[in-house]
Amino acid sequence: MEPGLLKSADWPLLIDVYFFLGGIAGGAFVIATVANLLDSQRYRDVVRVGYYLAFLAILPGPLLLIVDLGLPTRFLHMVMVAKPSTAIGMDAVTVGPFHLKPFSPMNVGAWALFAFGACALVAALDTFVEHRGGRGIPTLRLIVGIVGGVFGFFIAAYPGVLLGATARPLFVSAHWLGALFLAVGASTGGAAIALILSALGGQANDSLYRLMRFTAFALIIQAVALVLFFASVAGAGSVGLSRAMGVLLAGPYGIPFWLGVVIVGTVAPLVLHFSGAIRKATPGMAALVSVLVLVGGFLVKYVIIAGGQVGAS
């Protein structure tokens, strides 16, 4: 029996941007939290830029979803019901007008977006106060960092899990899609922080070098997850799946995939890293590698989402 699908969800470019920014936000927040735990003074630039970036990147998220849905009330319907009832869904938890559905990816994703946004706001405010010469609250930042870090992992990975929950030929057997999106969040989050640090100049060279090493590691994990994604999908086998794979690898999205994702976004940054060109982490080289990783990170999500939709039509 042909797996999947029935009708295209018509995810526009707006959703690709939301997934991309969400991945950066989650990755940057987790990196900032780890840097804060390791040595808040030594890596204060990474902590500062990471928390600022996480907040600014997640800020447009609800707005992008509302624009895509057309009406603000449609977004609110993911977390609220007009007539609260204990029978709004299986295993749903209802508190006043709000409801939490543990088995609904959309509902859980909406709540996670709120929770992560609140943590990102508090962390950014505490960082800003300290940055301006005031007294930060280390204990508060520690707690918010750990709690927000959990939601950061979720925000980065859940779009992949959400796609996997849709009955589309390309996604229905894509068991590694969540891991792929998580790895993309880590690599693009690190690259985005490195790009900003590179603009700050030589004062952040030590942080920049270590951040570029982490980004290279995340990029390798991303490449492995991408291979496993294709392996799991190819193993399923179906007419619709073959059509979707053809569109992605050799059809209209073949050039963005092979040139943008593989060569520009993966091979080139890793070659620059392991050839020693990035060893001294000069701001210019770090900026170049960061831009390549960011371009590849956006395109890998774009071509997979677009290829899945075209292949299903």
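Read along its sequence, the chain follows the pattern α-α-α-α-β-β-α-α-α-α-α-α-α. Counted up, that gives eleven helices and two strands. The model is a predicted one, and everything described below is computed from it. Of the 313 residues in the chain, 48% are buried. Among contacts with a separation of 6 or more, 74% are between residues 24 or more positions apart. On the outside, the chain exposes about 14,400 Å², and 72% of this area is supplied by carbon and sulfur atoms.

With the overall layout in hand, the next topic is the space between the atoms. Rolling a probe the size of a water molecule over the atoms shows where empty space is left. A pocket is an open set of such points, whereas a cavity is a set from which the probe cannot get out.

The largest pocket has a volume of about 510 Å³. Its lining is made up of 24 residues, and those nearest the pocket's centre are Val-30, Ile-31, Val-34, Leu-211 and Phe-214. Two or more lining residues come from each of H1, H6, H7 (177-200) and H8. Sorted by class, the lining of this pocket holds 18 nonpolar residues, five polar ones and one charged residue.

Turning to enclosed space, the count comes to two cavities of 30 Å³ or more. The largest cavity contains about 50 Å³ of space. Ten residues line this cavity, with Met-212, Ala-216, Pro-269, His-273 and Val-289 lying nearest its centre. Three helices each supply at least two residues of the lining: H8 (205-236), H10 (254-274) and H11 (283-312). The largest share comes from H8, which gives four residues. Eight of the lining residues are nonpolar and two are polar, while none is charged. Helix H8 is thus a useful landmark when looking at the model, as a contributor to the lining of the largest pocket and to that of the largest cavity.

The second largest cavity holds about 30 Å³ of space. Its lining consists of Tyr-18, Phe-19, Gly-22, Ile-155, Tyr-158 and Pro-159. Here, helix H1 (13-39) and helix H6 (138-164) each provide at least two lining residues. By class, five of the residues around this second cavity are nonpolar and one is polar, with no charged residue present. The polar one is Gly-22, because Gly counts as polar in this scheme, while Tyr, Phe, Ile and Pro count as nonpolar. H1 and H6 also appear among the elements that line the largest pocket.

Methods:
Residues numbered from 1 in each chain as written. Predicted model: local features only at pLDDT ≥ 70, side-chain atom pairs only at ≥ 80, totals over all residues. Heavy atoms only, no water. 1 Å grid on protein atoms, 1.4 Å probe; cavity = no way out; pocket = protein on both sides within 12 Å on 5 of 7 lines; lining within 4 Å. Points joined across faces, edges and corners; volume = space filled by probe spheres on them. Buried < 20%, exposed > 50% of the residue type's maximum accessible area, 1.4 Å probe, protein only. Contact = heavy atoms within 4.5 Å. Areas by Shrake-Rupley, 256 points an atom, 1.4 Å probe, with all protein chains shown as cover.
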